[in-house]
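Q: I have a model open on my screen and would like to learn how to read it feature by feature. Can you walk me through it?

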Amino acid sequence: MLVYHSLTVWSMHTGHFFKQGTLCMSDVYEGLATVSVIAHYLGQAPADLTTFECPVRLSHAGPGRARIELQHYLHGPKAANLLRVLLPDGRMLQGQILDSCNEPGGGWVLIKIEQFELTPEPSANTNGWKWE
């Protein structure tokens, strides 16, 4: 039995979050995307590093969560707390990094897809994510 869910994404065209519609969440999207790893904290300018044409696989990981699988090491700023994925059709998925694994042969990132408040400084818990 397949389970169908909606995934909330940001539309670059309308500037609003919307439900993408009914999709089989075993594989929401697989292909190239622009991926930005961001460190953004209260009272500080955001630092980010963007990888263009990054092979990704997006999938549903529970209510308000998405899993982004990567085929290679993803570079980003130290203490990154946000991930943004821009799909070729203009849809954007962005969220707070909850957990991750970043290794030379690839990895994954689990993000929370909803608004959250910025913290004044990075958390001591990096959940295994390694940055240069």
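A: Sure, we'll go from the overall fold to the salt bridges, the core and a few single residues. Keep in mind that this is a predicted model.

Q: Where do I start, and which secondary structure elements does the chain have?
A: Start with the count of elements, then read their order. Here there are 10 strands and 0 helices, so the pattern along the sequence is simply β-β-β-β-β-β-β-β-β-β, given that strands are DSSP runs numbered from the N terminus.

Q: How much of the chain is buried?
A: For burial, look at relative accessible area, where under 20% counts as buried. Of the 132 residues in the chain, 38% are buried. As for the surface, about 7,600 Å² is exposed, and carbon and sulfur atoms supply 54% of that.

Q: What share of the contacts joins residues at least 24 apart?
A: Set local contacts aside and look at pairs at least 6 apart in sequence. Of those, 55% join residues at least 24 apart.

Q: On to charges. How many salt bridges are there?
A: For these, check N to O distances between side chains. The structure holds 3 salt bridges. One pairs Glu69 with Arg57, with 3.8 Å between the closest N and O atoms. Arg57 sits in strand β6 and Glu69 in strand β7, so this pair ties together parts 12 residues apart in sequence. Glu69 also meets Arg67 in a salt bridge, at 3.4 Å from N to O.

Q: Are those three residues buried or partly exposed?
A: Glu69 is partly exposed at 25% relative accessible area, Arg57 is partly exposed at 26%, and Arg67 is partly exposed at 28%.

Q: Which residues form the bridge at 2.7 Å?
A: That one is Arg91 with Asp89, 2.7 Å being the distance between the closest N and O atoms. The two partners fall into separate classes: Arg91 is buried at 19% relative accessible area, while Asp89 is partly exposed at 42%. When bridges share partners, you can chain them into a network, and here Arg57, Arg67 and Glu69 join into one.

Q: How do I read the nonpolar core, and which residues have the most contacts inside it?
A: Look for buried nonpolar residues joined through their side chains. The largest such core has 21 residues, and Val56, Leu58, Ile68, Leu83, Val85 and Ile111 have the most contacts inside it. The elements giving two or more residues to this core are β5 (29–39), β6, β7, β8, β9 (91–103) and β10 (106–112). β5 gives the most, with 4 residues.

Q: What does Val85 touch?
A: Skip its neighbours within four places in sequence and list the rest. Val85 is in contact with Ala33, Thr34, Val35, Leu58, Ile68, Arg91, Met92 and Leu93. Arg91 in that list is the residue we met as the salt-bridge partner of Asp89.

Q: Let's try another residue. Is Thr51 buried or exposed?
A: Thr51 is buried, with a relative accessible area of 19%, and belongs to strand β6 (residues 47–60). Not counting residues up to four places away in sequence, Thr51 touches Ala33, Thr34, Val35, His72 and Leu74.

Q: And where is His75?
A: For a loop residue, name the flanking strands: His75 lies between β7 (65–70) and β8 (82–86). At 32% relative accessibility, His75 is partly exposed. Compare sequence and space too: His75 and Val35 are 40 residues apart in sequence, with their C-alpha atoms 9.9 Å apart.

Conventions
Residues numbered from 1 in each chain as written. Predicted model: local features only at pLDDT ≥ 70, side-chain atom pairs only at ≥ 80, totals over all residues. Heavy atoms only, no water. Buried < 20%, exposed > 50% of the residue type's maximum accessible area, 1.4 Å probe, protein only. Contact = heavy atoms within 4.5 Å. Areas by Shrake-Rupley, 256 points an atom, 1.4 Å probe, with all protein chains shown as cover. Salt bridge = Lys/Arg side-chain N within 4 Å of Asp/Glu carboxyl O. Core = buried A, V, L, I, M, F, W, Y, C linked by side-chain atoms within 4.5 Å.
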